[in-house]
Every structure is written in C-alpha cells, then in structure tokens.
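Reader: I am new to this structure and would like to know how its labels are earned. Please take me through some of them.

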Amino acid sequence: MTTATSTSLLDRLRPGAIMRQYGIAVFLVLMIIVFSLLMPSTFATSGNFRQILGDQAVPGILALAVILPLAAGEFDLSVAANLGATTILGIVLAGSGLPLPVVILATLAAGMLIGAINAFMVIVVGVNAFIATLGMATILSGFNLLLTGSTLIMHDDGAFTAMTNTRVAGFQMVIVYFLVVAVVLWYLLERTPFGRYLRATGMGRDAALISGVRTKKYLAAAFIGAGLLAGLAGTLQASRASNATPDLGPEFLLPAYAAAFLGATAIRAGYFNVWGTVIGVYLLAIGANGLIILGARTWVINVFNGVALLVAVSAATLVQRRRKRVKPAASDASTPASKE
C-alpha cells in the first residue's frame, strides 16, 4: 500500500504530469516573470497587481457562470448580455432612489429570470440552446436601448458604489465576492451529488437518464444558476463602474469562454472546473495587461483573446480525447452513486 502510494505520488510529481495538470498555472507564472523582467517599474508593482485582481472580479464571476451550462453539455451565449442588462437595470434602479437591498434583489431576480426563460426555451420548447440564448442576447440588447435611451447612464448612490469599491487590506471588496462565489461553486460542483449529476448530464445525457438522473432538472439548474451569477456580475459591475453604455455586455463573452476552456485543461483536466477557470481568467488578464503596458495596440489584445480561446478549446478537446482513451469506462461523473 505504501509502495503504491509512493509510486502514485512520484508519478504526479513528474514534469510531464505537472504540465498536464497545472500547465496554464506554470504558463501564468512564467508570463508574470517575463513581464516583470521587461517592465519592473510599471508591470511588477503591487498597485498593478491589486488593480488586475479587482478588475477581473466581475469578468471572473461571469466565467464561473459559463461553466455551469458547459458542465451540463450546453452553451449559454446570453450571459454577457445578461450582465449588461442587469448592470443597466441596477443603475436605473439605484438612480431612482430605491433602497439598496431592493436594487440588489431586483437585479439578481432579473438575472435568474433570464436564466429561467433560457431553460424553458431549451428544455420545454426544445429550441437548440445556441439559438435560444443567442436570441435572448439580442432581445436584451434591445432592452438596454430602451432603458438607457441610447445614451450613457450613471448613478450617484454612494452606498451602492461602496459595496464593491471599499478596500479591505488594500484590496477592493469586489475581490471578496469573487472568492466567495468561487468557493461556493467549487463545493457545489466537486463535493455534492449535484455536481456529479450535473456532469453526468453533460457527459452523456441519454446514459444519465437511463441511470435515473433527472437530466432536465439539472439542465434547468445550470441555466438558472448561470443567470443568477450573470445577474450578480451585473450588480457588481453597476456598483463598481457607476455608469453604463447601451452596448455594455458582449465584450465580456469571449474572455469568459476562453477562461472556462483554459480552465478545463488544468487542475481537473478534461472537466470544466472552478479553480482552473480562475487561473484562466487571470492568465488572460495578465497577458492583456502586460501587452498594454508594453504599448500594444487594441487589436493585439483582441487577437490575443481570440488565439487564447482557440488554443484553449483545442487543448480541452485533446485532453478530453486522451482521458477517454485512458479511462474509456471509468468516468467518475457518468456513474452516479445513486439515483436522483
């Protein structure tokens, strides 16, 4: 037993195994080292790192929202539009003088409602998730124009702004919200039957259904959960930025999916997972930040994010194929311990 355990530990510590499991984390560290050596007085400063951590909290929550439907085997292309709509709704409600708890509850409820409509269209009506969520995103863009009057809107609610911009030990409060969401979602996906059944739904819906898993229930939970998290991201964005343009939202979509697919190549390679996604979020952010400080044009950042998405999807696909070859019938998520 001891020998087997030692052998297993040695296998996990081999350079190849470390790169397969923690490759993007290693790449993130190398990128930080390179940018720090190139720009020690601008990139490698505590202020810059604190700013990156704060700036990526909202996009990070949206990336975590994305992995719920992905784990269930579906895409939700409306999450970024959901973020934009709830940001605008939050600013409008805060500007109307409503109490802060009412503003927060209303924006979270709006996010969940959008997710519930997506679930209804996909599960009950039978519309392809790609089409249903793309249609929802288009509807929300029109909703944004209606609420904003096609112009920049702002709020001056100090308590709402302080909710995210208050600093704790030098870090913006919004980072704490991101961390709490990550821990709760990690526990839900990795330590509860819900996570196992959700992944079973995504990895083989028919097989999961035959095994007794109520796949529609978990698929609905994935869309509604994604809507809730997108609504939370929108609420925090409204608080942090205090303003919004009518076209807010779509620019968050590609980085969120890139981070999610990057995350599927690390920590639990082959699975969409929380900590891999968090690393993916900061890998993209560090890359963009370093390139901007180096003087790169805006188009370079777009190319960087696009290439990162293509590489991430390709790597996740290869990891998934390899995992299936190595363990063709031993998927831990596709064999639920009990029926639900």
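Author: A term first: a helix here is a DSSP run of H or I with at least four residues, numbered from the N terminus. By that rule L30 has its place in helix α2, residues 15-38. Keep in mind that this is a predicted model.

Reader: Why is L30 called partly exposed?

Author: Its relative accessible area is 47%. Buried means under 20% and exposed means over 50%, with partly exposed in between, so L30 is partly exposed.

Reader: What makes L30 eligible for a nonpolar surface patch?

Author: Patch residues need over 30% relative accessible area, and Leu is on the list of nonpolar side chains. L30 has 47%. The patch is made by V29, L30, I33 and L37, and covers about 400 Å².

Reader: Why are α5 and α6 called roughly antiparallel?

Author: The axes of α5 (residues 79-95) and α6 (residues 100-125) cross at roughly 155 degrees. Angles over 145 count as roughly antiparallel, and the pair is therefore given that name. The two axes come within 9 Å, and the crossing is right-handed.

Reader: How do you know that T277 is buried?

Author: T277, in helix α14 (residues 274-294), has 0% relative accessibility. The limit for buried is under 20%, so T277 counts as buried. Its C-alpha atom is 7.0 Å from that of A63, although the two are 214 residues apart along the chain.

Reader: What makes E74 and R205 a salt bridge?

Author: The cut-off is a side-chain nitrogen of Lys or Arg within 4 Å of a carboxyl oxygen of Asp or Glu. In this pair the closest N and O atoms are 3.2 Å apart, so the cut-off is met. The pair links distant parts of the chain, with E74 in the loop between α4 and α5 and R205 in helix α11, 131 residues apart. E74 is buried at 17%, whereas R205 is partly exposed at 28%.

Reader: Why are E190, R199 and R268 called a network?

Author: E190 meets R199 in a salt bridge at 3.2 Å, N to O, and E190 also meets R268 at 2.7 Å. E190 takes part in both pairs, so the three residues are linked. E190 lies in helix α9 and R268 in the loop between α13 and α14, 78 residues apart. E190 at 18% is buried, as is R199 at 5%, but R268 at 23% is partly exposed.

Reader: How many salt bridges does a search of the whole structure find?

Author: The search finds four, among them the pairs E74 with R205 and E190 with R268.

Terms used. Residues are numbered from 1 along each chain as its sequence is written. This is a predicted model: local features need pLDDT of at least 70, side-chain atom pairs count only at pLDDT 80 or more; totals for chains, interfaces and linings use all residues. Side-chain values use heavy atoms; hydrogens and water are left out. Patches are made of residues with over 30% relative accessible area and no salt bridge: like charges are joined within 9 Å, nonpolar side chains (Val, Leu, Ile, Met, Phe, Trp, Tyr) within 5 Å. Accessible areas come from the Shrake-Rupley method with a 1.4 Å probe; for residues, only the protein chains shown count as cover. Helices (H or I, at least four residues) and strands (E, at least two) are DSSP runs, numbered from the N terminus. Buried means under 20% relative accessible area, exposed over 50%, partly exposed in between (1.4 Å probe, protein chains only). Axes are lines fitted to C-alpha atoms, for helices over the stretch in contact, and angles run from 0 to 180 degrees between N-to-C directions. Angles under 35 degrees count as roughly parallel, over 145 as roughly antiparallel, 65 to 115 as roughly perpendicular and the rest as oblique. A crossing is left-handed if the near helix is turned anticlockwise from the far one by less than a right angle, and right-handed if clockwise.
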